[in-house]
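Here is a friendly walk through one protein model, written for someone who likes to follow along in a viewer. Please have the sequence and the coordinates open as you read.

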Amino acid sequence: PLAGATGVLGGSAALTWTVAADATGYTWQIATAPTFDDVLFSGTAAGTSASLPALLGGTTYYWRVRSE
């Protein structure tokens, strides 16, 4: 979903982001708090997208990506 999206139904989701100059890969995280004290899912990607496991509808999720 786009940043700030609301009314998104539960189910599978995908993250996409723009390429970072000189990146060799990316690390991503999903949490239910903006502080990321409670990371629910995390992973790595060689490209600019990641498929996620099923998410619950009616829940606010936060995500971030770091280039490597």
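## Y26 and its partners across the sheet

Y26 stands opposite S67 in β5, and it also faces a residue of β3, namely A45. Keep in mind while you look that this is a predicted model. The strand β2 covers residues 26-31, and I30 in turn has W63 as its bridge partner in β5.

Both pairings of β2 can be followed along the strands. With β3 (residues 39-45), β2 shares 6 bridges, and the two strands run antiparallel. With β5 (residues 62-67), β2 is joined by 6 bridges, again in an antiparallel arrangement.

## The sheet as a whole

Put together, these strands make an open sheet of 3 strands in the order β3-β2-β5, with antiparallel pairing. Its edges are β3 and β5, each of which pairs on one side only. On average, neighbouring strands of this sheet are turned by 15° against each other, direction ignored.

## The nonpolar core

Which residues make up the largest nonpolar core? There are 10 of them: A13, L15, W17, Y26, W28, I30, A45, A50, L52 and L55. Three strands each supply at least two residues of this core: β1 (11-16), β2 and β4 (49-55). Y26 and I30, met above as residues with bridge partners in β5, are both members of the core.

L52 is a good place to centre your view. Leaving aside neighbours within four places in sequence, L52 is in contact with S12, A13, L15, W28 and I30. Among these, A13, L15, W28 and I30 belong to the core along with L52.

## An aromatic pair in the core

How many aromatic pairs are there? The count comes to 1. The pair is formed by W17 and Y26, with an edge-to-face geometry: the centres are 5.6 Å apart and the planes meet at 65°. That angle is over 60 degrees, so the pair counts as edge-to-face. Both W17 and Y26 are buried, and both appear in the list of core residues.

## G11 and the strand β4

G11 lies in strand β1. Is G11 buried or partly exposed? With a relative accessible area of 24%, G11 is partly exposed, because buried would require a value under 20%.

Beyond its neighbours within four places in sequence, G11 is in contact with P53, A54 and L55. The C-alpha atoms of G11 and P53 are separated by 7.8 Å, although the two residues are 42 apart along the chain. One of these contacts, L55, is also a core residue.

## The salt bridge and the loop residue D22

A search of the whole structure finds 1 salt bridge. The partners are E68 and R66, and their closest N and O atoms are 3.1 Å apart. E68 is partly exposed at 43% relative accessible area, whereas R66 has 53% and is exposed. The cut-off for exposed is over 50%, so the two partners fall into separate classes.

E68 also leads to another part of the chain. D22 sits in the loop between β1 and β2, and its C-alpha atom is separated from that of E68 by 8.6 Å, with their places 46 residues apart along the chain. At 77% relative accessibility, D22 counts as exposed.

Key: Residues numbered from 1 in each chain as written. Predicted model: local features only at pLDDT ≥ 70, side-chain atom pairs only at ≥ 80, totals over all residues. Heavy atoms only, no water. Pairing = 2+ DSSP bridges. Helix = DSSP H or I, 4+ residues; strand = E, 2+ residues; numbered from the N terminus. Axes fitted to C-alpha atoms, helices over the stretch in contact; angles between N-to-C directions. Core = buried A, V, L, I, M, F, W, Y, C linked by side-chain atoms within 4.5 Å. Buried < 20%, exposed > 50% of the residue type's maximum accessible area, 1.4 Å probe, protein only. Contact = heavy atoms within 4.5 Å. Salt bridge = Lys/Arg side-chain N within 4 Å of Asp/Glu carboxyl O. Phe/Tyr/Trp six-rings, centres within 6.5 Å; stacked < 30°, edge-to-face > 60°.
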